[in-house]
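Reader: Please take a close look at the aromatic rings in this model, and at the parts of the fold that carry them. I would like the cut-offs stated along with the values.

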Amino acid sequence: MNTKLKGPEDFKASSDWLHKFKSRHGIRELQIQGELLSADSSSAENFKQTFQLFVEKEGYSQDSVYNADESGLNWKALPRKSLASCQEHAARGFKVSKERVTIMTCANAAGTHKLPLLLMGKSKKPRCFKNIKSLPDHHKTGKVLLLLDNVPTHPSAERLNLIDLDYQVMFFQPNVTSLIQPMDQGVIEKFKRMYRKQMLRRLLLNEGTEESVVTFSKLLNLKHCCYMAADAWDNLTEENLRNA
């Protein structure tokens with residue numbers, strides 16, 4: 001690099017020089033995340049054209065086109081940062097919870113209808129659901145098109161399309177979901193932020209001392225997770241869904 005910059009041969013950059021160089025040229029460190037480099041943009045464009053023709057031919061409206069997607073949720077993970085006064089030099093922490101559930105979000109393209117969240121955990125019969133007889137159930141009637149990502153865990157489209165003649169299932173092509181999967185375009189991200197907000201609200205109402213934080217974490221169960229997730233999902237607006 002020094003040779004390309006035509007610098008002196010005996011030049012050796014110190015860590016302080018490197019820090020100032022990055023600051024001077026606006027170079028910053030970013031966390032590498034997502035799957036965008038693995039995405040196939042040409043396949044995404046082909047799918048969009050094929051999908052548009054199919055929707056027009058079959059007569060689907062935005063109200064009847066749905067998308068569903070799954071995501072992991074670390075439902076018990078508390079924040080790793082906190083505000084402190086100038087007299088406080090450290091904030092004691094605790095072991096990060098790795099308890100995780102899978103949630104599935106589903107809504108139509110118009111943003112007018114959200115299906116209740118599907119939540120999948122590890123326990124077959126969690127103790128916190130004792131005495132709970134049933135959960136709300138909603139379903140869409142009429143002709144519906146459902147878009148799903150192409151993963152091996154999903155049953156085939158042929159098998160799914162045999163369940164109900166009014167329901168048509170279509171899979172995205174491989175390696176295009178990070179580009180055009182609607183739920184990946186900010187919906188799941190905002191849901192998780194709203195979930196964190198619900199959890200922090202409960203924590204702050206729970207006195208907010210160090211002892212109460214530990215107690216809160218221990219008493220938090222899957223039923224609380226379901227209520228907070230449902231509230232977070234309800235707080236997503238039509239505009240949030242429509243923009244995706």
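Author: The aromatic pairs come first, then the charges over rings, then the sheet.

This is a predicted model, in which local features need pLDDT of at least 70 and side-chain atom pairs count only at pLDDT 80 or more, while totals for chains, interfaces and linings use all residues. Residues are numbered from 1 along each chain as its sequence is written, and side-chain values use heavy atoms, with hydrogens and water left out.

A pair of aromatic rings is described by the distance of the centres and the angle of the planes. Rings of Phe, Tyr and Trp (its six-membered ring) pair if their centres lie within 6.5 Å; planes under 30 degrees apart count as stacked, over 60 as edge-to-face and the rest as tilted. By this rule there are five aromatic pairs. One of them is stacked, because the ring centres of Phe-47 and Phe-51 are 6.0 Å apart and the planes meet at 10°. Both residues belong to helix H2 (residues 41–58), four residues apart, which is about one turn of the helix. Helices (H or I, at least four residues) and strands (E, at least two) are DSSP runs, numbered from the N terminus. Phe-47 is buried, with 6% relative accessibility, and Phe-51 is buried at 17%; buried means under 20% relative accessible area, exposed over 50% and partly exposed in between (1.4 Å probe, protein chains only). Ring pairs also join Phe-47 and Phe-51 with Phe-172 in a cluster.

Phe-191 and Trp-233 make an edge-to-face pair, with 6.4 Å between centres and 80° between planes. Phe-191 is in helix H5 (residues 187–204) and Trp-233 in helix H7 (residues 222–234), so this pair ties together parts 42 residues apart in sequence. Phe-191 is buried at 0% relative accessibility, and Trp-233 is buried at 3%.

Trp-233 also has the charged end of Lys-114 over its ring, 5.6 Å from the centre. A charge sits over a ring if NZ of Lys or CZ of Arg is within 6 Å of the ring centre and within 35 degrees of the ring normal. Lys-143 lies over the face of Tyr-60, 5.1 Å from the ring centre.

Helix H7 packs on a sheet. The sheet is open, with five strands in the order S3-S2-S1-S4-S5 and mixed pairing; two strands pair if DSSP finds at least two bridges between them. Its edge strands, S3 (118–120) and S5 (167–171), each pair on one side only. H7 touches S2 and S3 (contact means heavy atoms within 4.5 Å), and its direction makes about 25° with that of S2. Axes are lines fitted to C-alpha atoms, for helices over the stretch in contact, and angles run from 0 to 180 degrees between N-to-C directions.
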